Amino acid sequence: MLVWLPITLLAGCNSYELFRVTGFEQATFNNNADILFVIDSSGSMKEESSALALNFETFLGQLTSAEGSDVPRATLGDAVTNYVRESTENGSIIDYQLAITTTSANYSSGETSGVDEGEAGTLTGAFPVVKRGDDDVATEFRKNLICDTVYWKDSDLKSDPSYAPADDGSCPLPEGEEIPREYLNCLCPDGWVESEGAGNEEGLESALDTLCRASADAPAECFDDDGDGSTDPGYPILPIDAGSIADFIRPEASTLVVIVTDEGDGSRRVANSDGDPTPYLDIFSQFPNRVRFAVIGPSYQDQDGSCLGGAQTWGVERYQIAAGATNGTYINLTDQSDGCAATDWGENLTKLGELLNNQLTSFPLQGVPDVATIRVYTDGQEIGESELVSGIVEDGTAVWGDGWTYDAAENAVSFHGSAVPGYNADVRIYYRPLGGIPRELPI
Amino acid sequence: MLILLATLAHAADVTKDVAKDTLDIGVLKNTEVKVVQKVLYRKAGTLELGAQLGVMPFDAYSITPQLSLSGVKHLSDTVGLEVQLGGGYGLESGTYTELASATYGVAVESYRYLASAEADVQYSLAYAKMNLGGKKVVHYDVYALAGVGASLEQSMLPSGDIAIAPTVPVGIGGRFFVSKTSFLKLELRDNLLIEHRAQSDTWGFKQNAVVSLGVSMLTGGDK
């Protein structure tokens, strides 16, 4: 017996590195996406907002199945249906919610001196959260956008006497690229926004304010909590505003912030002329949900500011960095190579749809990994690391070869090209966490 | 009757002879008593060939059955040189499986035993016999061993990385003689090895402690 004891004790000393194993099956991977549009409601955005409204079907077309119905997942039959959908139309299994706010974090301007609809992160529209499965998603969203968000200067509206509502009372989209007064009259019988938004466009702050209002577990940095009952310049909302937006941010859903603007970001928590949005990104990273940014904004590439219009380079840089750092995308409103001509909104919204489809190709990790130890397997087959084919990672233009990449900003492994796992594929990601693994283990 | 009388007469003669040859040595003290055991089963000069079935039960993350073949050249009754080849496969233990489940989400970079080749020196510490329930006397010897070798191991992570690990075996065992040429062998061998673990790019110390039972034959020599 005395011989066995030390041997047993010594053998118990066999020590090994512990790896995290993150396992997903696409069938159970969360395909919920909460999409917040942050619209620049200044007068200069009339054309862009019209283009967004008129081309919105392009965006929805990528996310909506032919039936436009919800995505059931209760039965084997549902699984088969989802498989067929995924095989034929990848984005159709995104279960999305849409809402709109404006870049007006400063609520003192606008219709009243208080918080008007769309200001300080509040949502616009009578039914502000449009959900997949609603009767007419496109029209509901369009109403919220056109009637309750965009500023229409009456004297600038064109007239089209030939426009007429359909027999069933619906409002068909007008011909051309401009929205006529008659269409507004049809779509917005209760009127539309006739006061301009704040002059300082704060896309990042507004998005933050919305998430703070909507999230059940918002970080303390969201709120002005000095207890004096009024908001200070640095914080447009109070603790009492927490939870004031219901049913928009769902647990474990991915949050996509789409900022549409022709200006740079002038958010208050970063000094003017500072192009680094890290203070905001740090706060966004504290939300339990994954937050990504897609920005449709002024064109500014290769230090060429010829298509910036009135936008400041540092403000545009904030958006570009935010998009790149969150694995999002930055889409130019104008084409530098084509004399600053407007880019095609159909294409722009297609890119947005693609970004959402990629939700199913990115797998968040539970801990921060030692990147050199990451190994990825799909259905038992090891997947190699991807190589950069072209573009720049930091500005969101990277094009990757087949394989996977580690995204430090998202702390996620993203798949590219033919390596993207199919529906119901078993994905396993092994890595050694930098911080180690707690030892509350059955060993 | 004649036979009986003749037998008694012979017995009386023997008793008288023994008494005549008796040497009085006085009283023996305990310290003067030495144990003398005749080595009935000899190994000197023989070649021992054997096969053993073993198990490595002490690792937290694997349990490994092992089959080994060995040859021992006995230079004397106390010293032998052994070559041993082993093979096996480390199976995931319940602990490993539980850790890898969704509850913990932890994968251990443990390495499973696949094969080994070792050479060692064996020294017989003792030769003895024991009484099994008053029915049978079994002769056995106890030996210790130490040597060098190499082990082939494989990561239990899906990468299946292979490691060839320098190994130092140490152990203790017993040979329980069944006949002049065969015996059962019970052994506890601790294989101390150091291996490079590819996925974490670390070096790790490991012990593969084997408990084995086998049969061996002695060939050659003057038994």
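Two strands count as paired if DSSP finds at least two bridges between them. I wrote that down before opening the predicted model.

**Ground rules.** Residues are numbered from 1 along each chain as its sequence is written, while chains are lettered from A and ligands numbered from 1 in the order in which they are written. Since this is a predicted model, local features need pLDDT of at least 70 and side-chain atom pairs count only at pLDDT 80 or more, but totals for chains, interfaces and linings use all residues.

**Confidence.** I checked the scores for the complex: ipTM is 0.73 and pTM is 0.57. Then I looked at pLDDT, the predictor's confidence in each residue, from 0 to 100. Chain B has a mean of 87, with 88% of its residues at 70 or more. Where in chain B is confidence lowest, and where highest? Helix H1 (residues 2–21) of chain B is at the bottom with a mean of 51, and strand S3 (residues 79–88) of chain B is at the top with 97. Residues 1–12 of chain B have pLDDT below 50, and I found 0 contacts for this stretch beyond near neighbours in sequence; a contact needs C-beta atoms, placed from the backbone, within 7 Å.

**Strands of chain B.** My helices (H or I, at least four residues) and strands (E, at least two) are DSSP runs, numbered from the N terminus. I went through the partners of S2 (residues 62–74) of chain B.

- S1 (residues 47–56) of chain B pairs antiparallel with S2(B) over 10 bridges. A hairpin of 5 residues links S1(B) to S2(B), and B:Leu53 sits opposite B:Leu67.
- S3(B) also runs antiparallel to S2(B), with 9 bridges. The hairpin from S2(B) to S3(B) has 4 residues. Which residue of S3(B) is the bridge partner of B:Val72? I found B:Glu82.
- S4 (residues 91–92) of chain B pairs antiparallel with S2(B) over 2 bridges, and B:Leu91 is the bridge partner of B:Ile63.

Next I sorted the faces of S2(B). In a regular strand the side chains alternate between the two faces of the sheet. The covered face of S2(B) includes B:Ser62, B:Gln66 and B:Val72; the uncovered one includes B:Ile63, B:Leu67 and B:Lys73.

**A helix in chain A.** H5 (residues 137–148) of chain A has 12 residues and reaches 16 Å from first C-alpha to last, close to the expected 16 Å at 1.5 Å a residue; the expectation is 1.5 Å times one less than the number of residues. I called a residue buried if 20 or more other C-beta atoms lie within 10 Å of its own, exposed if 12 or fewer, and partly exposed in between. H5(A) is largely enclosed by the rest of the structure, because 9 of its 12 residues are buried. Among them are A:Val137, A:Phe141, A:Arg142 and A:Asp148.

Definitions and conventions: Contact = placed C-beta atoms within 7 Å.
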